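I'm opening a fresh notebook page for this one. Below is what I looked up, in the order I got to it.

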Amino acid sequence: MKKFLLYIGFPFLLENKAKKSLSSKKAQKKGASYHTYQPQKRESISGSLMVETAIVLPTLVCFMVCFLFLFRVLQVQECVEEALQYSARVTAVNCYADSMQQQTSAALLLAEATVAFEKQLKEKQCPYSFIKNGKMGISLLWSEFDGSDVTLRASYQMEIPVRLFPIAPFRMLQCVTCRKWVGDIDLSGDGVEQQSAWVYITPTGSAYHKSRSCTYLDLSVRPVGRLQVGSDRNASGERYRPCEHCTGSGSTVFITDYGNRYHSSLTCSGLKRTIQMVHLSEVEGRHPCQKCYR
């Protein structure tokens, strides 16, 4: 307890000692006094704190608002993207009736796409307050309806809600492409309908096929014994010979009904087919399949 009182009273003892030393006769002869050496009180710093707060706080608030604004940008982009996809599909379906009646007016298709686009934006509750000029600030005038595709382009500008610095609105452009629902009708060129047949080919094959289920494409693989394969014949009457791509000494091999090779492995590349569907006009240098075009 004595130590605690001593600790509390220690600063006062020092102050009294300083008063006595400065009030002595020697100190007074030298012109010194306690009031001369008394420490000056600090000036109030409340004014400087208010100045710092007035500068830092608005800057921090502006930074946080701009950071949260990025999430609004993502929300607007998502709403516009979904609305573009919906309106492109609706316009592509409507192009079927237009192709039958030979009515492919770009203005009519743009009007249909705009109605569907605005309807979808309303359902998604798009935040127009962050778009310059609001709902009227989104334009589809850059869209294209030529050929067999519907290409919708939405152009708009987004504004930052807090303008601490002179930042201009930045432009956004989103695009969606969808094929018109016109079947196998080619609307390119002068708008004349051209019927083009589809055929099937393989990258290494020399023939094109009319049907995807052709026996040369749809292989029927079956296992047989290695000793038995020498006496077997395929559907065309040919003998089976060893495959050049796979080797093995197992007791079982794999053959197909119309192939003329037997395979030691079921994963051999000779038992796989990479099939591509192309137009008949693109099969240059290939001959018709003997099975499909009989």
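**Entry 1: C289, towards the end**

I started with C289, which sits in the segment after β12 (287-288). A reminder to myself before going on: this is a predicted model. Is C289 buried or exposed? It counts as buried, because its relative accessibility is 3% and the cut-off for buried is under 20%.

Next I looked for what C289 touches beyond its neighbours within four places in sequence, and I found A207, Y208, H209, C214 and Y216. I picked Y208 from that list and checked the spacing. C289 and Y208 are 81 residues apart in sequence, yet their C-alpha atoms are 5.7 Å apart in space.

**Entry 2: H209, from the other side**

H209 was on the C289 list, so I turned to it next. I found H209 in the loop between β6 (207-208) and β7 (221-225). H209 is buried too, with a relative accessible area of 5%.

Which residues does H209 contact, leaving aside those within four places in sequence? I noted V199, Y200, C214, Y216, L217, C289, C292 and Y293. C214 and Y216 are on this list, and they are also on the one I made for C289.

**Entry 3: the whole chain**

I stepped back for an overview. I counted five helices and twelve strands in the protein chain. Of its 294 residues, 29% count as buried. I also looked at contacts with a separation of 6 or more: residues 24 or more positions apart account for 60% of them.

**Entry 4: the nonpolar cores**

A general point I kept in mind: in soluble globular proteins, nonpolar side chains tend to be buried together.

Here the largest nonpolar core has 30 residues, and the members that touch the most others are V80, L84, F117, L121, Y156 and M158. Where do they come from? α4, α5, β1 and β2 (170-179) each supply at least two residues of this core. α4 gives the most, with ten residues.

I then looked at M158 more closely. Not counting residues up to four places away in sequence, M158 touches F69, R72, V73, V76, F130, P169, F170 and M172. There is also a second, separate core of six residues, and V224, V253, I255 and Y262 are among them.

**Entry 5: two buried serines**

I went looking at S87, which lies in helix α4 (residues 46-100). Its relative accessible area is 0%, so S87 is buried. What does the side chain of S87 have close by? One of its polar atoms lies 3.1 Å from the backbone oxygen of L84.

Away from its neighbours within four places in sequence, S87 is in contact with A113, A116, F117 and L152. I also checked S87 against V176, 89 residues apart from it along the chain, and their C-alpha atoms are separated by 9.6 Å.

S143 was next, in the loop between α5 (106-124) and β1 (149-158). S143 is buried as well, at a relative accessible area of 13%. Its side chain reaches the backbone oxygen of L140 at 2.8 Å. Past four places in sequence, I listed L110, T151, L152 and R153 as contacts of S143. L152 caught my eye, as it contacts S143 and also S87.

**Entry 6: two positive phi values**

The general rule I went by is that most residues other than glycine have a negative phi. So I noted the exceptions I came across.

Q125 has a phi near 55°, a positive value, and N133 has one near 70°, also positive. Q125 is in the loop between α5 and β1, and N133 is placed in that loop as well. Are they buried or exposed? Q125 is exposed, with a relative accessible area of 64%, and N133 is exposed at 61%.

**Entry 7: the largest pocket**

Last, I looked for open space. The largest pocket has a volume of about 960 Å³. How many residues line it? I got 29, and T204, G205, Y216, G270 and R273 lie nearest its centre. The lining divides into eight nonpolar, 16 polar and five charged residues. Y216 had come up already, as a contact of C289 and of H209.

Definitions and conventions
Residues are numbered from 1 along each chain as its sequence is written. This is a predicted model: local features need pLDDT of at least 70, side-chain atom pairs count only at pLDDT 80 or more; totals for chains, interfaces and linings use all residues. Side-chain values use heavy atoms; hydrogens and water are left out. Helices (H or I, at least four residues) and strands (E, at least two) are DSSP runs, numbered from the N terminus. Buried means under 20% relative accessible area, exposed over 50%, partly exposed in between (1.4 Å probe, protein chains only). A polar contact is a pair of N or O atoms within 3.5 Å; within protein, one must be able to donate a hydrogen and the other to accept it, and residues adjacent in sequence count only if both atoms are side-chain atoms. Contact means heavy atoms within 4.5 Å. A nonpolar core is a set of buried Ala, Val, Leu, Ile, Met, Phe, Trp, Tyr and Cys residues joined through side-chain atoms within 4.5 Å. On a 1 Å grid over the protein atoms alone, a cavity is a set of points where a 1.4 Å probe fits but cannot get out, and a pocket is an open set with protein on both sides within 12 Å along at least five of seven lines; lining residues have an atom within 4 Å of a point. Grid points are joined across faces, edges and corners, and a volume is the space filled by probe spheres set on the points. Ala, Val, Leu, Ile, Met, Phe, Trp, Tyr, Cys and Pro count as nonpolar, Asp, Glu, Lys and Arg as charged, and the others, Gly among them, as polar.
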